[in-house]
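The exercises below are meant to be worked through with the sequence and the model open side by side. Try each task before reading the solution that follows.

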Amino acid sequence: MNVPIRMLGIATSIFWIMLIAVVALAAYSVKDLNFDFGEPQLKVATDGELTLSLPLYINNRGYHSLKEFHLSTVFSDMEGVEISRDNTFVPVIAHGENTTILHNITLSAVSLLEKGEQYMFNDNSLNISVTAGLNFAELFPAQISTNFTFPWGAPFYNFALGEPSYRQVDLTQVTIAVPMSFENHALFDIAGNIKIELYDRADSLLGESQTPVYVSQHSAYEGEVEFNVPLSSSSFSRTQNGYFNVYFDIGLLEYGPLVIAYG
Amino acid sequence: MVEQKKKSKNLVKDVSFRVAKVTVKAILVYLIYFLLAPMIAPLFGLIPGFMESIEAFVAVYIVLMILSDLAAKTVFQYFFNTARALFFTGYLLLSMGDGALCTSYENFSLTVNLTLFYTIAVTLSVLGFARTVLQAINFMHQKAEFSSNLQP
């Protein structure tokens, strides 16, 4: 019985030594791993897609290959609803290898703006959840994750139509001028049309106007919209109060009507 | 009379040798822990309670090792060896939890899946436990064989 006991002892000791050696080498290799982030590049495509390219440099000078490296970025709104998800996967980063990984984060402004008024007219914060993981030394799958917020600037921030002013053109028609203002807080320029319909309190269309707008990012717009309304004793009194239906067409998307009351 | 005196002298010699051996062994084990602890402390310092639990583990392990060595050449040596192997397996199983080591710093959180490592370690410690049981059986068998040989 002494021989099997001795053999069992030797085998156990060998396996313990191997396990400890692998763990010690893995721990030693961690200090020879180098992760570095490059300068992120932001690109805005004509279709309104925002692409953030994040270069990641990995220098693996350790004793083990890094396997199944994955980087995932998830954009979600403040309620936690997922807006976009991007993944980068590298099967193997061999030891002694210097690798550059380009992680592209795409955020479609169109799909975001289609989600509702809050992104069109109000500045917001988006949650970004970043998760990176790898299988280290085939023994230790590790994952690191973090959350931070990304400010979303509304393209029609503080959109407002002022009080109408009336100017008689001739005996048959009157011009109604309405001041219009907003700030473009978005990361892209706005080029398109804003169509406004003027309704009286009885829901009758009195006039409509289309204004071309070009507002570069982070700048304000102030202008005036004019409506030519046929003049009659009844129509003039009807124009004193009512509402505007505003339609936005900025190429990337169409939105409307936004109803704004006046009078 | 002379034989009994010689026997008791041998016993004193044997016990003092065992005590000396145990002292050296305990000092060596503690020295290894003392030298390794500062190296692993920054790595595991982020996990609350980890270093304290390692300290407790080393203390219990050394005590069981001392008791086992003091009780050498008796069946109690195998009791303490088995207790040590069981304690080691139990410690691994308890510290394993869900097999993941999770720690967070500011808004970063790190998760290392140690399931495979723990599985291998627990398997090896179970092998160690089996070895101590076999040693105890072997000891009892040899003792029985020796007694039967003494009988006329």
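## Exercise 1: a sheet within chain A

Task: in this predicted model, work out how strand β15 (residues 242–249) of chain A pairs with β16(A), and over how many bridges.

Solution. Step one is to follow the two strands, and this shows that β15(A) and β16(A) pair in the antiparallel sense, over seven bridges. Step two is to pick out a facing pair, for which A:Tyr243 serves well, since A:Ala261 in β16(A) stands opposite it. Step three is to place the pair in its surroundings: β15 and β16 belong to an open sheet of four strands in chain A, ordered β13-β12-β15-β16 and paired antiparallel. The edges of this sheet are β13 (205–215) and β16 (254–262) of chain A, each of which pairs on one side only. If direction is ignored, neighbouring strands here are turned by 20° against each other on average.

## Exercise 2: a sheet that draws on both chains

Task: find the order of the strands in the open sheet of six strands, and say which are the edge strands.

Solution. Step one is to read the order across the sheet, which is β5(A)-β4(A)-β7(A)-β8(A)-β2(B)-β1(B), with antiparallel pairing. Step two is to name the edges, which are β5 (82–93) of chain A and β1 (100–105) of chain B, each pairing on one side only. The twist from one strand to the next averages 15°.

Step three is to go through three of the pairings in turn:

- Strand β7 (residues 124–136) of chain A pairs with β8(A) over 13 bridges in the antiparallel sense, and A:Phe136 stands opposite A:Phe140 in β8(A).
- Strand β8 (residues 140–152) of chain A is joined to β2(B) by five bridges, and the two run antiparallel; here A:Ala142 stands opposite B:Val112, while A:Ser145 has B:Ser109 as its bridge partner.
- Strands β1(B) and β2(B), also antiparallel, are joined by six bridges, with B:Ser104 and B:Ser109 as one of the partner pairs.

Step four is to bring two of these results together: B:Ser109 in β2(B) is a bridge partner of A:Ser145 and also of B:Ser104. Finally, the hairpin of β1(B) and β2(B) has two residues between its strands, and B:Glu106 takes a positive phi near 50° in this hairpin.

## Exercise 3: the interface of the two chains

Task: describe how chain B meets chain A, beginning with how many residues of each are in contact.

Solution. Step one is the count, with 24 residues of chain B in contact with 20 residues of chain A. Step two is the area: the two chains bury about 2,000 Å² between them, and 71% of this lies on carbon and sulfur atoms. Step three concerns the kinds of contact, where the rule finds zero salt bridges across the interface but six residue pairs in polar contact, both residues being at pLDDT 80 or more.

Step four asks which elements of chain B take part, and those giving two or more residues to the side that touches chain A are β2 (108–113) and α4 (115–150). The largest share, 15 residues, comes from α4(B). Sorted by type, the residues on this side of chain B divide into 14 nonpolar, nine polar and one charged.

Definitions and conventions:
Residues are numbered from 1 along each chain as its sequence is written. Chains are lettered from A and ligands numbered from 1 in the order in which they are written. This is a predicted model: local features need pLDDT of at least 70, side-chain atom pairs count only at pLDDT 80 or more; totals for chains, interfaces and linings use all residues. Side-chain values use heavy atoms; hydrogens and water are left out. Contact means heavy atoms within 4.5 Å. Buried area is the accessible area (1.4 Å probe) that two parts lose on being put together, summed over both. A salt bridge is a side-chain nitrogen of Lys or Arg within 4 Å of a carboxyl oxygen of Asp or Glu. A polar contact is a pair of N or O atoms within 3.5 Å; within protein, one must be able to donate a hydrogen and the other to accept it, and residues adjacent in sequence count only if both atoms are side-chain atoms. Ala, Val, Leu, Ile, Met, Phe, Trp, Tyr, Cys and Pro count as nonpolar, Asp, Glu, Lys and Arg as charged, and the others, Gly among them, as polar. Two strands pair if DSSP finds at least two bridges between them. Axes are lines fitted to C-alpha atoms, for helices over the stretch in contact, and angles run from 0 to 180 degrees between N-to-C directions.
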